[in-house]
Amino acid sequence: MGYRVNEQLFAAGHSLVANLWVNIPGTGPDERIIVIGAHYDTEAETPGADDNASGVAAVLEAARILVARRDLLGGPIRVALFGAEEWGLRGSTVLAGGEFDVHCVVNLDTVGAKDAAEVFIIGGAAFLEDLL
């Protein structure tokens, strides 16, 4: 897609883990960032395809579509893959500590699971009204 992948390294237990993200600039004046993300780690006893390769695949597809339709973006989108989420949401917490104005977070987790998929949109009703 031609965008630079940013890497944010952090310690989680005795491991060095990374968050990865790409910023897709919008064409409008809004500077508040919408984060679309998923974690890429899994638990040993969990099917990794469900938790959470399915979320990663959905985020990558969303990025592809957003780049193709960038002319419709009023503000920037940060497409992020979080590490160490299964260890207490460490990756997203580290990324959230950065210096940027977040308008909303869309976190895709286990979207390919047969039992249930949940999409959490953090930003409240005002964000949803802006989209509609």
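User: Leaving aside neighbours within four places in sequence, which residues is I77 in contact with?
Analyst: In this predicted model, I77 is in contact with V22, N23, I24, I34, I36 and L66 once neighbours within four places in sequence are left aside. Contact is used for heavy atoms within 4.5 Å.

User: What places I77 in the largest nonpolar core, and which members touch the most others?
Analyst: That core has 16 residues, and I24, I36, V59, L66, I77 and V79 touch the most other members. Membership requires a buried residue of a listed type, joined through side-chain atoms within 4.5 Å. I77 is buried, which fits the first part of that requirement. At least two core residues each come from β2 (15-24), β3 (33-39), α1 (49-68), β4 (77-82) and β5 (102-109). Helix α1 supplies the largest share, 4 residues.

User: Which residues are among those of the other core?
Analyst: I33, V35, A80 and F82 are among the 6 residues of another core, which lies apart from the largest one.

User: Why is β4 called largely enclosed?
Analyst: A residue is buried when its relative accessible area is under 20%. In β4, 6 of the 6 residues are buried, so the strand is largely enclosed by the rest of the structure. I77, V79 and L81 point one way and R78, A80 and F82 the other way, and all are buried. Such an alternation of side chains between the two faces of the sheet is what a regular strand gives.

User: How do you know that β4 pairs with β2, and how many bridges join them?
Analyst: Pairing needs at least two bridges. β2 and β4 are joined by 5 bridges and run antiparallel, so they count as paired by that rule. One of the bridge partners is A80 of β4, set against W21.

User: What makes β3 a partner of β4, and which way do the two run?
Analyst: The two strands run parallel, with 6 bridges between them, so the requirement of at least two is met. Here A80 of β4 is the bridge partner of G37. From β3 the chain crosses through α1 to β4, and this β-α-β crossover is right-handed.

User: Why is N52 called buried?
Analyst: Its relative accessible area is 1%. The cut-off is under 20%, so N52 counts as buried. N52 has its place in helix α1. Leaving aside neighbours within four places in sequence, N52 is in contact with A38, H39, D41, T42, L108, D109, T110 and V111.

User: What makes the pair of N52 and H39 a polar contact, and how far apart are the atoms?
Analyst: A polar atom of the N52 side chain lies 3.0 Å from the backbone oxygen of H39. The distance limit for N or O atoms is 3.5 Å, so 3.0 Å is within it.

User: Is S92 buried, partly exposed or exposed, and what value decides this?
Analyst: S92 has a relative accessible area of 22%. Buried requires under 20% and exposed over 50%, so S92 falls in between and is called partly exposed. S92 is found in helix α2 (residues 90-96). Not counting residues up to four places away in sequence, S92 touches F82 and E85. S92 and A38 are 54 residues apart in sequence, and their C-alpha atoms are 9.0 Å apart in space.

User: How many helices and strands does the chain have?
Analyst: There are 3 helices and 6 strands, following the pattern β-β-β-α-β-α-β-β-α along the sequence. Of the 132 residues, 36% are buried.

Terms used
Residues numbered from 1 in each chain as written. Predicted model: local features only at pLDDT ≥ 70, side-chain atom pairs only at ≥ 80, totals over all residues. Heavy atoms only, no water. Buried < 20%, exposed > 50% of the residue type's maximum accessible area, 1.4 Å probe, protein only. Right-handed = clockwise from strand over helix to strand, strands pointing away. Polar contact = N/O pair within 3.5 Å; in protein donor to acceptor, adjacent residues only side chain to side chain.
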